[in-house]
Amino acid sequence: MSKRVFRDSISLLERLRRSELQSFVGTRALQHIECRSTPSSCTLGIRTVSLQVVAQRMKSVGNIQKITAAMKMVAASRLKGAQTKMETSRGLVQPLFRLLGDIPGTTSGETMIIPVSSDKGLCGGINSTVVKFSKVVSHSSEGETSLTVVGEKARGQLSKSYAYLLKNVILDVTKIPLTFATASMVTDVILGQDAPKNQIIYNRFQSVISFKPTVATVLSVEEYEKASDKGFNKFDEYELEGPGRSELLLDLAEFKMGAVLYNALLENSTSELGSRMQSMENSTKNAKDMLGKLTLLYNRTRQASITTELIEIISGASALEG
């Protein structure tokens with residue numbers, strides 16, 4: 001009688017423990033967790049979660065939580081300075097757009113698409129958004145299109161399906177402090193392709209949680225001449241002294257390309273920091289929730305082990321008395 005009570009008690013305890021584990025980690029996940037078996041549970045085909053495995057998992061999740069919290073603090077500390085530089089660069093670009101205009105619908109023989117992305121990950125979906133908009137602009141552009149990619153993340157996605165359009169890949173620009181000189185060197189590479197129409201795609205910073213995908217159009221000096229003749233910009237509204245009208249327009253077109261690219265790099269860098277700060281905050285919260293669940297599982301498993309030992313002792317004592 002005592003042996004039967006002992007077996008029934010063990011069987012009931014193991015079934016309760018298994019139902020709790022299934023409700024916590026799921027049936028499939030339970031089958032892949034490293035387990036340990038007891039002689040009594042082997043006959044019933046039931047296993048219990050190893051305390052050592054759960055403790056190691058808790059340690060790993062705790063380390064990840066510390067890393068994501070540190071990355072959030074670093075992004076937050078850099079965000080204010082990047083935002084100040086970005087707002088200053090907007091004052092450099094807006095007068096040029098008012099003078100020469102932003103004409104995305106201009107038809108030309110070739111369109112150079114310049115997606116601006118980051119060189120580092122863990123910053124949400126801002127890079128995927130730039131890649132998606134680049135694909136849409138590429139399909140909607142008339143005539144030939146080509147790509148000059150800025151940033152490692154956009155290169156990794158566009159080089160798979162759009163390798164035949166890639167002309168240049170510019171990396172490690174966002175890993176160094178962004179200055180107008182850096183943007184000018186990138187501009188020289190882009191202007192060296194002599195494309196009549198350039199469309200820069202980047203994330204425009206609005207707030208820490210809001211980024212707007214933006215397409216800025218910069219034309220060649222020949223296209224600006226045509227747009228000026230048609231009255232699409234305000235260049236001819238100003239009186240110029242001397243014969244240097246074409247040279248001035250050429251200088252303005254090149255300077256606009258450098259200024260717009262400089263602003264795009266700063267806007268995208270600020271958006272990257274804001275998105276990284278938000279992503280790391282969410283990751284820290286998720287790690288905290290997971291750590292709480294693992295702690296609960298660890299305590300339940302430890303308590304179940306203690307209960308099993310008590311049942312074995314009591315059942316053994318009852319059997320000796322009987």
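Student: What makes the lining of the largest pocket 9 nonpolar, 3 polar and 6 charged residues by class?

Tutor: The model is predicted. The split follows from residue type: Asp, Glu, Lys and Arg count as charged, and the lining of the largest pocket has 6 charged residues. Another 9 are nonpolar and 3 are polar. R78, one of the residues nearest the pocket centre, is an Arg and therefore falls in the charged class.

Student: Why are I176 and L273 called lining residues of the largest pocket?

Tutor: A lining residue has an atom within 4 Å of a pocket point. The largest pocket has 18 such residues, and I176 and L273 are among those nearest its centre, with R78, T174 and S269. Two elements, α4 (51-100) and α9 (245-321), give two or more residues to this lining. The most, 6 residues, come from α4.

Student: How much space lies in the largest pocket, and how much in the second largest?

Tutor: The volume is the space filled by probe spheres set on the grid points. That gives about 420 Å³ for the largest pocket and about 240 Å³ for the second largest.

Student: Which residues lie closest to the centre of the second largest pocket?

Tutor: They are L191, D194, A195, S220 and V221, out of 14 lining residues. Elements giving two or more residues are α7 (180-191), β7 (210-219), α8 (221-230) and α9. The largest share, 3 residues, is from α9.

Student: What makes D194 charged and A195 nonpolar?

Tutor: Asp counts as charged and Ala as nonpolar, so D194 and A195 fall in those classes. By class, this second lining has 9 nonpolar, 2 polar and 3 charged residues.

Notes: Residues are numbered from 1 along each chain as its sequence is written. This is a predicted model: local features need pLDDT of at least 70, side-chain atom pairs count only at pLDDT 80 or more; totals for chains, interfaces and linings use all residues. Side-chain values use heavy atoms; hydrogens and water are left out. On a 1 Å grid over the protein atoms alone, a cavity is a set of points where a 1.4 Å probe fits but cannot get out, and a pocket is an open set with protein on both sides within 12 Å along at least five of seven lines; lining residues have an atom within 4 Å of a point. Helices (H or I, at least four residues) and strands (E, at least two) are DSSP runs, numbered from the N terminus.
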